[in-house]
Amino acid sequence: MTTTLDRRLAAVLALPLALALAGCANPENGGDVSASEPPAGPGAPTGPVGATPQPPSPTAPRPTAPTPTAPAPAASTGRPPLSATDLPTLRPPTGPPRQPTDQRKPNVLAGRLSHGGSGPCYTLVTDDGQEHALYGPDQGTWPTGTWVRVTVGPPPAGVECGPGRLVGLLRIERVG
């Protein structure tokens with residue numbers, strides 16, 4: 001019983017392999033050869049469609065397994081290969097920009113503290129040499145010479161903090 005079952009299983013598993021080796025599958029489309037198209041190749045029946053095929057003669061060459069083909073180039077799909085396309089580039093400018101391209105926030109300043117301490121008054125000197133008198137309670141202790149970035153707000157009323165333009169200190173952080 002098991003030998004009959006083993007033979008049937010082997011026959012079922014060998015059928016797709018035999019069909020592929022016989023050239024009955026169309027490798028380009030993955031489909032079968034239709035009844036109107038006679039199979040081509042050595043050992044293929046040459047009779048009319050629907051006729052009983054004759055076994056090949058013992059001296060006829062045996063069909064060989066199809067060789068794997070290289071994937072189709074991208075040109076056959078209508079798209080050029082990625083390496084053949086040019087990178088997108090910007091057009092040359094028509095003139096200088098009308099607005100500055102490096103907009104700074106007007107309420108953020110950076111520079112070195114020329115007068116530090118435990119607050120609430122500090123003096124900041126920016127890179128362009130402008131002095132700013134900063135007033136900010138509870139901002140911590142900052143040593144003189146520290147490079148900082150500060151966020152400022154409107155000047156407080158009735159406060160005097162030293163030389164420079166008076167501004168309110170909202171936030172201070174060390175840089176560099």
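**Strands, core and cross-links in a predicted model**

Apart from its neighbours within four places in sequence, Ile-172 is in contact (heavy atoms within 4.5 Å) with Leu-113, Gln-139, Trp-142, Val-148, Arg-149 and Val-150. The model is a predicted one, in which local features need pLDDT of at least 70 and side-chain atom pairs count only at pLDDT 80 or more, while totals for chains, interfaces and linings use all residues. Residues are numbered from 1 along each chain as its sequence is written, and side-chain values use heavy atoms, with hydrogens and water left out.

Ile-172 also belongs to the largest nonpolar core, which has 12 residues. Such a core is a set of buried Ala, Val, Leu, Ile, Met, Phe, Trp, Tyr and Cys residues joined through side-chain atoms within 4.5 Å. Buried here means under 20% relative accessible area, exposed means over 50%, and partly exposed lies in between (1.4 Å probe, protein chains only). Alongside Ile-172, the core holds Leu-109, Leu-113, Tyr-122, Leu-124, Leu-134, Trp-142, Val-148, Val-150, Val-152, Val-167 and Leu-169. Strands β1, β2, β4 and β5 each supply at least two residues of this core.

A step back to the whole chain helps to place these residues. The secondary structure comes to one helix and five strands, arranged along the sequence in the pattern α-β-β-β-β-β. Helices (H or I, at least four residues) and strands (E, at least two) are DSSP runs, numbered from the N terminus. Buried residues make up 14% of the 176 residues in the protein chain. Among contacts with a separation of 6 or more, 49% are between residues 24 or more positions apart. The chain exposes about 14200 Å², of which carbon and sulfur atoms supply 59%; accessible areas come from the Shrake-Rupley method with a 1.4 Å probe, and for residues only the protein chains shown count as cover.

Strand pairing comes next, where two strands pair if DSSP finds at least two bridges between them. Strand β1 (residues 108-115) runs antiparallel to β4 (residues 147-153), and five bridges join the two. Within this pairing, Leu-109 has Val-150 in β4 as its bridge partner. Strand β1 is also antiparallel to β2 (residues 121-126), through four bridges, and here Leu-113 is partnered by Leu-124 in β2. All four of these bridge partners, Leu-109, Val-150, Leu-113 and Leu-124, are listed in the nonpolar core. Five residues separate β1 from β2 in a hairpin, and Gly-117 in its turn has a positive phi of about 125°.

The cross-link in the model starts from β2. A search of the whole structure finds one disulfide, a disulfide being a pair of cysteine sulfur atoms within 2.5 Å. The disulfide joins Cys-121 to Cys-161, with an S to S distance of 1.9 Å. Because Cys-121 lies in strand β2 and Cys-161 in the loop between β4 and β5 (165-174), the pair ties together parts that are 40 residues apart in sequence. The link is left-handed, with -60° about the S-S bond, and both cysteines are buried.

Cys-161 also leads to Ala-133, found in strand β3 (residues 131-135). The C-alpha atoms of Ala-133 and Cys-161 are separated by 5.7 Å, although the two residues are 28 residues apart along the chain. Ala-133 has a relative accessible area of 1% and is therefore buried. Beyond its neighbours within four places in sequence, Ala-133 is in contact with Tyr-122, Cys-161, Gly-162, Pro-163, Gly-164, Arg-165, Leu-166 and Val-167.

Charged side chains offer another set of links. The count comes to two salt bridges, each defined as a side-chain nitrogen of Lys or Arg within 4 Å of a carboxyl oxygen of Asp or Glu. In one of them, the side chains of Glu-173 and Arg-149 meet at 3.2 Å, N to O. Glu-173 lies in strand β5 and Arg-149 in strand β4, so this pair ties together parts that are 24 residues apart in sequence. Arg-171 likewise forms a salt bridge with Glu-173, the closest N and O atoms being 3.6 Å apart. Through shared partners, Arg-149, Arg-171 and Glu-173 are joined into one network. Glu-173 is partly exposed at a relative accessible area of 26%, and Arg-149 is partly exposed at 39%.

Finally, Lys-105 is found in the loop between α1 (2-22) and β1. Its relative accessibility is 59%, so Lys-105 counts as exposed. Lys-105 and Thr-151 are 46 residues apart in sequence and 9.3 Å apart in space, C-alpha to C-alpha.
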